[in-house]
Amino acid sequence: MPIATVNPANGETLKTYDALGAEEIERRLAAAEAAFRTHRTTSFAERARLLNKAADLLEEEQDDIGRVMTTEMGKPVKQARAEAAKCAKAMRWYAEHAQELLADEEPATSDAKDSGASRVLVRYRPLGPVLAVMPWNFPLWQVVRFAAPALMAGNVGLLKHASNVPQTALYLEDLFRRAGFPEGCFQTLLIGSGAVEDVLRDPRVKAATLTGSEPAGRSVASVGGDEVKKTVLELGGSDPFVVMPSADIDRAARTAVTARVQNNGQSCIAAKRFIVHTDVFDDFAQRFTEGMKALKIGDPLEEDTEVGPLSSKQGRDDLEELVDDAVENGATVLCGGERPDRPGWYYPPTVLADITPEMRIHHDEAFGPVATLYRAADLDEAVAIANDSPFGLSSNVWTREEAEVDRFVRDLEAGGVYINGMTASHPAFPFGGVKRSGYGRELSGHGIREFCNITTVWHGA
Ligand code: NAP
């Protein structure tokens, strides 16, 4: 894939970049190693000062970088600005909390004594340069939720961003540099995916995190396995959104629209499968479909656009194939389902009902504004449909019955259960999935400790 900015609203190529050559990659790996030697010794206070400065800059520049993101991958510009603001918040959160999250732990004195020690400490030490392979869909957020904890822990970052967001990738390197992080602490490598393996195999690189598709995750995980290097994977999702009879159906239907089409429907944690109890199915289906039909589709740089184009022609074509396959196999189209005749990679908000397991969309991730509706006879069937997916990222359930909440929390196979609301990440809460959605966690204390050497310090009596 060429490294280029191609505006998805009209298909125009705006800027292309040459991939880094071997010599330049070598120079950057050496810079990362050198930076780590110093950065690992700096205080939490100093790291926090720099990260807070980066947050200030990002807030000041959210209009400009928001437009860049929109031009590179098509998200509505309002959402792009909100993403920048959310990144600043996450930076501040880690600046404030990293020290307490990584404070030394002291196991029980009785256990220390039992081991023959006078004192035992558990210390969280940094690992070194960490490679981050990131996707285009939240081009700032995906990177910042890795970079903020990594830098606060004393690691240094090497970013291989998606090839279609090079300007955002370069902005991030520049942002951390202008905030005062020394040369080499955070570097962007403009490389294609084929160059990732060599970088990860380099002995100076200690670990990797990848957010993206299952094939990319599998590839990075197998190289990491071969090199015995830690990896964290945040992969796809096909989150269920379950609606039970006691729910506020109007609020559930309005939230469902946002949960499905945010970021033009290209979010791993978007609700994708809507599983509705038969008693409220018709009411929910009608309200939800009306909401999807009413969305304003248009140029993502316009302030009032709610749904812009998909990020690439390939992405639009893949989604269209998924819908066509469902329709050929008997799905009912409640709205959308026809590619509009206009330049750019647009696909309309679409609702499909009468889904069966033979349809590809039943198991594959629909990465765009396409929702599937399922009718569940009772709680057991709702749980069974929700779990009938290779993915397990997050889940949403709408009910006012405590016993149903307990059942969903016990039985849903997912890294999150959001009750009477939609999934949204927050720096303080762990984020990640099970099954084919990956492993490991980002954000919160769990995220910052993923790339730490958890060290037992044992003092003899
Ligand atoms: P993708 O093709 O996997 O790309 C993601 C990143 O991986 C890009 O930087 C890409 O580089 C790189 N890459 C691709 N193939 C690779 C390989 N074989 N080895 C090493 N690196 C490789 O994913 P996408 O289609 O852009 O993104 C959408 C997917 O990401 C969806 O499945 C979505 O659900 C998932 N996602 C998950 C989360 C989460 O937190 N769980 C968040 C956002 C997105 P190039 O661009 O150069 O190919």
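Let's start with Arg 273, which sits in strand β10, residues 271–277 (strands are DSSP runs of E with at least two residues, helices are runs of H or I with at least four, and both are numbered from the N terminus). The model is a predicted one, where local features need pLDDT of at least 70 and side-chain atom pairs count only at pLDDT 80 or more, while totals for chains, interfaces and linings use all residues. Residues are numbered from 1 along each chain as its sequence is written, and side-chain values use heavy atoms, with hydrogens and water left out.

**Arg 273, a buried charge**

What is the nearest side chain of opposite charge to Arg 273? That is Asp 388, 6.6 Å away, and Arg 273 has no salt bridge even though it is buried. Here, Lys and Arg count as positive and Asp and Glu as negative, with His and the chain ends not counted. A salt bridge needs a side-chain nitrogen of Lys or Arg within 4 Å of a carboxyl oxygen of Asp or Glu. Buried means under 20% relative accessible area, exposed means over 50%, and partly exposed is in between (1.4 Å probe, protein chains only).

Arg 273 does have a backbone partner: a polar atom of its side chain lies 2.8 Å from the backbone oxygen of Ala 386. Leaving aside neighbours within four places in sequence, the residues in contact with Arg 273 (heavy atoms within 4.5 Å) include Asp 239, Phe 241, His 362, Tyr 374 and Asp 388.

**Arg 441 and its surroundings**

Arg 441 is in the loop between β18 (438–439) and α16. With a relative accessibility of 22%, Arg 441 is partly exposed. Its side chain reaches the backbone oxygen of Gly 433 at 3.1 Å. Which residue 209 places away along the chain has its C-alpha atom 7.2 Å from that of Arg 441? It is Val 232. Val 232 is also in contact with Arg 441, as are Glu 234, Pro 430, Phe 431 and His 446, among others.

**Two positive phi values**

Most residues other than glycine have a negative phi. Ser 444 has a positive phi near 60°. It belongs to helix α16, residues 444–450, and is buried at 3% relative accessibility. Asn 420 has a positive phi too, about 55°, and is not a glycine. Asn 420 lies in the loop between β16 (418–419) and β17 (434–435), where it is partly exposed, with a relative accessible area of 27%.

**Salt bridges around helix α1**

Side chains of opposite charge can pair when their charged atoms come close. The structure holds 43 salt bridges, and here are some of them.

| Pair | Closest N to O |
|---|---|
| Glu 24 and Arg 28 | 2.9 Å |
| Glu 173 and Arg 28 | 2.9 Å |
| Glu 33 and Arg 37 | 3.7 Å |

The Glu 173 and Arg 28 pair links distant parts of the chain, with Glu 173 in helix α7 (residues 166–179) and Arg 28 in helix α1, 145 residues apart. Arg 28 is buried at 13% relative accessibility, and Glu 173 is buried at 8%.

Glu 24 and Arg 28 are about one helical turn apart, because they are four residues apart in helix α1 (residues 22–39). Glu 24 is partly exposed at 25% relative accessible area. Glu 33 and Arg 37 also sit four residues apart in helix α1, so about one helical turn separates them. Is Arg 37 buried or exposed? At 55% relative accessibility, Arg 37 is exposed, whereas Glu 33 is partly exposed at 34%.

Glu 24, Arg 28 and Glu 173 are also part of a wider salt-bridge network, which includes Arg 27, Glu 61, Asp 174, Arg 177 and Arg 178.

**The largest pocket**

How big is the volume of the largest pocket? It is about 1500 Å³. Of the 50 residues lining this pocket, the closest to its centre are Met 1, Trp 136, Gly 212, Ser 213 and Phe 367. At least two lining residues come from each of β1 (3–7), α8 (196–201), β7 (207–211), α9 (214–227) and α12 (313–328).

A pocket here is an open set of points on a 1 Å grid over the protein atoms alone, where a 1.4 Å probe fits, with protein on both sides within 12 Å along at least five of seven lines; lining residues have an atom within 4 Å of a point. Grid points are joined across faces, edges and corners, and the volume is the space filled by probe spheres set on the points.

Key:
A polar contact is a pair of N or O atoms within 3.5 Å; within protein, one must be able to donate a hydrogen and the other to accept it, and residues adjacent in sequence count only if both atoms are side-chain atoms.
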